[in-house]
Amino acid sequence: MVAQPTKKDEELDEKVSQIGTSVEQLTSVVNGLTAFFNHNTVGQVFPNSSGLPLIINTLPPPFTYSADGKKGTIPLQPTETPNTIKVPLTSNKSNSTKTSEKGKNLKHGSTSKKLFSKPNEDNNTSYYMNLQPIHSAKYDGRTEGVRIPWWMPVLFRPPSEMVLDEIEAYVAAYIFGLKYDEDLKYEFEILVTSRLGMFGERCRVKTLMPRQQLHQDVLNLVVAMVTDHARANYAYSICWFLPTEFSRFCLAWMKPPSAAMNSYKDDYMGKLEFMSKMFIPMNDQNNHWYLLVADMRAKKLVLLDSAPCELRNEARKFQEKKMAVYLEEMFEHESFYEFSETNKPMVTEFPLLIPSDIRRHAAESNDCGVWVCKWMTDCTLTDNYNIKVDRESRMRLAIDLLIKPYNIKKDQVVNEATKAWKELLEEKRA
């Protein structure tokens, strides 16, 4: 006996039939959309709620490429990757379009529309929107510099790897020119006058020649240069650079710390709340320079010495301790503080650190003063004191001492150096 379908069975069959119809309609829609995005040129029929066929004419492909170099085109399919891409532009000579190899040997075009392109033919108007890599620069954005001619007589020639511009080359030849070494009237010519009242004669600047013992006037000029730079670029004096006389003054202890404060505070110091480091050049037995860095943020003293000596290390450490006592007493004065509630630093409690990983200067190079200068110029905002000093370091210091803004005679020196360079060129031509 066959069971008769119930009412619930009939309703279930009806729902299944409706679902099948919906699946068919959805499949039709998907097929139509697929055809549309595949750029078929034949109109596609899409189902819609009205029951009437809806015909949509699909658009032509937005980009075409030439498969064989002929006029005909083939629609781009999602799975295809053309070897060349053609972007047509209007040309006065011809309405035809050309092709360019993609991504090979791109360079500046000859017109404003050709940003970066390499045409295959003279009348090619295709272009690529592409960026050309920039060559790496060596110094201040320069890759090639000006050389002092081999025939120009100079006592100290810039190293071959050093990149100089015209003014720097003129100034280098002006400082170390043989002409100015033979005539004594040039030896004491003042080349530098700082805003802090320091002067630099030619004979002092020439101690930056290789293997020369650096004169303390050069160290003081570097102090004036970096102090001027710090005050010009920062609202507060975050780094203090003290001249060489400061350490001698403090270690002699012939006058109270208040006397040192009156002599050096206005020109070289500021408010302790904003100060990060204090650089103090030190001298041992009038023949060796080293540097004491008082790091107020890290609460430590750092002794930087390019030539440690077992016989003198203890004496140098003792000088550092005397300096810490002097600084602590000097910082008791209220003029060093912006706010009355600021805690005064206990400098004598700061640990004394001696970095063991820094380089040492070569024997008989007399570079200790150059190392002190480089530490002051390069390590103001870093705790990495492992710098490099070579012949280029000496030349760079000599040039910067004359052409940096702190030198009141900068323009005069540059004009004289340029004039001397041109005179030598004219004598050579004659």
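A salt bridge is a side-chain nitrogen of Lys or Arg within 4 Å of a carboxyl oxygen of Asp or Glu. In this predicted model, Asp-284, Asp-305, Arg-312 and Arg-316 are joined by such contacts into a network. The background is simple: side chains of opposite charge can pair when their charged atoms come close. By this rule, 15 salt bridges are counted.

Before looking at single pairs, it helps to have the overall picture. The protein chain has 430 residues, and 38% of them are buried. It contains 11 helices and 13 strands. Among contacts between residues at least 6 apart in sequence, 58% join residues at least 24 apart. The accessible surface is about 26,000 Å², with carbon and sulfur atoms accounting for 53% of it.

Now return to the network. One of its links is the salt bridge between Arg-316 and Asp-305, whose closest N and O atoms are 2.6 Å apart. Arg-316 belongs to helix α8 (residues 313–330), while Asp-305 sits in the loop between β12 (300–304) and α8, so this pair ties together parts that are 11 residues apart in sequence. Are these two residues buried or exposed? A residue counts as buried when its relative accessible area is under 20%. Arg-316 has 4%, so it is buried. Asp-305, at 5%, therefore counts as buried too.

A second salt bridge involves helix α10, which covers residues 391–403. Here the side chains of Arg-394 and Asp-367 meet, with 2.8 Å from N to O. The pair links distant parts of the chain, since Arg-394 is in α10 and Asp-367 is in the loop between β13 (352–353) and α9 (368–378), 27 residues apart. Both Arg-394 and Asp-367 are buried.

Helix α10 also holds a salt bridge within itself. Asp-400 pairs with Arg-396, and their closest N and O atoms are 3.2 Å apart. These two residues are four apart in α10, so about one helical turn separates them. Asp-400 and Arg-396 are both buried. Another residue of this helix is Ser-393. Its relative accessibility is 5%, so Ser-393 counts as buried. Leaving aside residues up to four places away in sequence, Ser-393 touches Val-370, Lys-374 and Lys-388.

The strands come next. Strands of a sheet pair through backbone hydrogen bonds, either parallel or antiparallel. How are the five strands of the open sheet ordered? They run β9-β10-β11-β12-β13, and the pairing is mixed. The edge strands are β9 (239–241) and β13, each of which pairs on one side only. Strands β12 and β13 run parallel and are joined by two bridges. Within this pairing, Val-302 has Leu-353 in β13 as its bridge partner. Helix α6 (residues 244–252) packs on the sheet and touches β10 (277–284) and β11 (288–295); the directions of α6 and β10 make an angle of about 75 degrees.

A separate pairing is found between β7 (residues 190–193) and β8 (residues 199–201), which are antiparallel and share three bridges. In this pairing, Thr-193 stands opposite Phe-199 in β8. The two strands form a hairpin with five residues between them. In the turn, Gly-197 has a positive phi of about 85 degrees.

Conventions
Residues numbered from 1 in each chain as written. Predicted model: local features only at pLDDT ≥ 70, side-chain atom pairs only at ≥ 80, totals over all residues. Heavy atoms only, no water. Buried < 20%, exposed > 50% of the residue type's maximum accessible area, 1.4 Å probe, protein only. Contact = heavy atoms within 4.5 Å. Pairing = 2+ DSSP bridges. Axes fitted to C-alpha atoms, helices over the stretch in contact; angles between N-to-C directions. Areas by Shrake-Rupley, 256 points an atom, 1.4 Å probe, with all protein chains shown as cover.
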